[in-house]
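Reader: Please take one part of this model and go through it closely. I would like the local detail first, then its setting.

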Amino acid sequence: MEITLTVNGTEFTRDIEPRLSLTQFLREHLDLTGTHIGCDTSGCGACTVTLNGDAVKSCTILAVQANGSEVTTIEGMAKNGEMHPIQAAFKEEHGLQCGFCTPGMVMVAADILKHNSKPSEEDIRHGLKGNFCRCTGYHNIIKSIQHAAETINK
Amino acid sequence: MIPAKFDYIKASSVNEAVNLLDEHGFDAKILSGGHSLIPAMKLRLNRPEILIDISGISGLNTIEETGSEVIIGANCTHTQIVNSEVIYKNVNILKQAAETVGDVQVRNRGTIGGSLAHADPSADYPAVVLACEAKIEVEGKKGKRTIDAKDFFVGIFTTALEDDELITAVRFPKVAHGNYQKFYQSASRFAVVGVAVVHDGSGVKVGVTGVADTPYRATAVEKAYKNNNDSDAAEHAVDGVEVMEDHFADAEYRTHLAKVMVKRALEA
């Protein structure tokens, strides 16, 4: 069936099977491969994007459910060749090791900071409950989000 | 992982959804947030031939307060429940439970109606609806009916819903004093054990999830508490219950956790 949605500010219309997940739609139909498939069962958070502004796990949303919605992926974070402050903070604070979880971490960090511009360490840890880093690099991920909050609040 | 093929229809009214359910019977499934159904379909544990998406039906995602009740539309997400001032003030125990569901992304999509209809034996809300004596509003081909929480959960992943029925709302009586305690399965964040305690004028009502294949009222605890008014009543947490075993907790450990969680909830 035909769906139309806005991804990173651009409208796309595609004819798809109802069983296609939003992750697959982004990766295979729009070539936006920054959104990763990890567990594929809504446990790990590697596939996190925002849907109408809210962080969601795109592996557990059918593309047809997102019909008419606005989606932002990791590719939509940088603007005019400048990294988003969250991305810059991850770079600065070594918030990634292998990098596989990073797109999901950045997208959920955006959600945390949207609701709370000065999150405590505990707030950040609570917000990251649905995102796994199998390198176990959580300390620097938390530092990165704290750093990003400082930059954004300046 | 990709689900088996299905047809997708976005229903624009409860009536349309009911007619589709009636037409397709067991082959159809209701889709709202999809956070229980879609993973089950990916694992091919569930292979409906038609999905009826009710997420766009107006009037199913509101939270209303009446004199004695709070009425929550079936499509309300866990995040809506966590953020609702009406629930915070009048059914705080439900907010406490909603906050423990999954993670922020899951809470942004999963719904109260979906969770109840799915009837996962380790889901959080069943303990709360039992302790609160909530009423589940459903609609089917024969019209509307109200199911008491105690009659709703029939077995593992099984409810009193007929094939042509869907949940439209959940009605909670206002609760002044209630507490939800949970021992998390640390990866999935489902309840290994979840306990809801509601204090009313004369005693307590205790709902337990995660312990048996069906959530239950711990009536032995309620009786012991009434007689002695102390939290040692928690020793009766699994009286008359066949305790579930899995790779997260064997029966002995789960029994211990149930007693500890009941005690904590009674003392909170």
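Author: What follows starts at one strand of chain B and works outward. The model is predicted.

Start with strand S2 of chain B, residues 28–31. Its side chains alternate. B:Ala28 and B:Ile30 point one way. B:Lys29 and B:Leu31 point the other way. Neither face is open: all four residues are buried, B:Lys29 included.

Next, the neighbour. S2(B) is joined to strand S3 of chain B, residues 50–53, by four bridges. The two strands run parallel. One pairing can be named: B:Leu31 has B:Asp53 in S3(B) as its bridge partner. Between the strands, the chain passes through helix H2 of chain B, residues 37–42. That makes a β-α-β crossover, and its hand is right.

H2(B) also leads to the partner chain. The contact between the chains takes 24 residues from chain B and 22 residues from chain A. On the chain B side, H2 is one of the elements that give two or more residues. The others are strand S1 (7–10) and helix H6 (104–107) of chain B. By class, this side has ten nonpolar residues, seven polar and seven charged.

Now the whole of chain B. The strand pair sits in a chain with eleven helices and 14 strands. The radius of gyration is 18 Å, close to the 18 Å from the globule rule for 268 residues, so chain B is as compact as a globular protein of that length. Its C-alpha trace spans about 55 × 45 × 35 Å along the principal axes. Buried residues make up 52% of the chain, and the four residues of S2(B) are buried too. Take the contacts in chain B between residues at least 6 apart in sequence: 62% of them join residues at least 24 apart.

Last, the partner. Chain A is divided into domain 1 (2–74) and domain 2 (85–153). Their centres, taken over C-alpha atoms, are separated by 21 Å. Across the boundary, 13 residues of domain 1 are in contact with twelve residues of domain 2. On the domain 1 side, strands S3 (48–51) and S4 (54–57) of chain A are the elements that give two or more residues. S3(A) gives the most, with three. The domain 1 side divides into six nonpolar residues, six polar and one charged.

How values were computed. Residues numbered from 1 in each chain as written. Chains lettered and ligands numbered in written order. Predicted model: local features only at pLDDT ≥ 70, side-chain atom pairs only at ≥ 80, totals over all residues. Buried ≥ 20, exposed ≤ 12 C-beta atoms within 10 Å, placed from the backbone. Pairing = 2+ DSSP bridges. Right-handed = clockwise from strand over helix to strand, strands pointing away. Contact = placed C-beta atoms within 7 Å. Nonpolar A, V, L, I, M, F, W, Y, C, P; charged D, E, K, R; others polar. Domains from an automatic or database assignment. Rg over C-alpha atoms; globule rule 2.2 N^0.38 Å.
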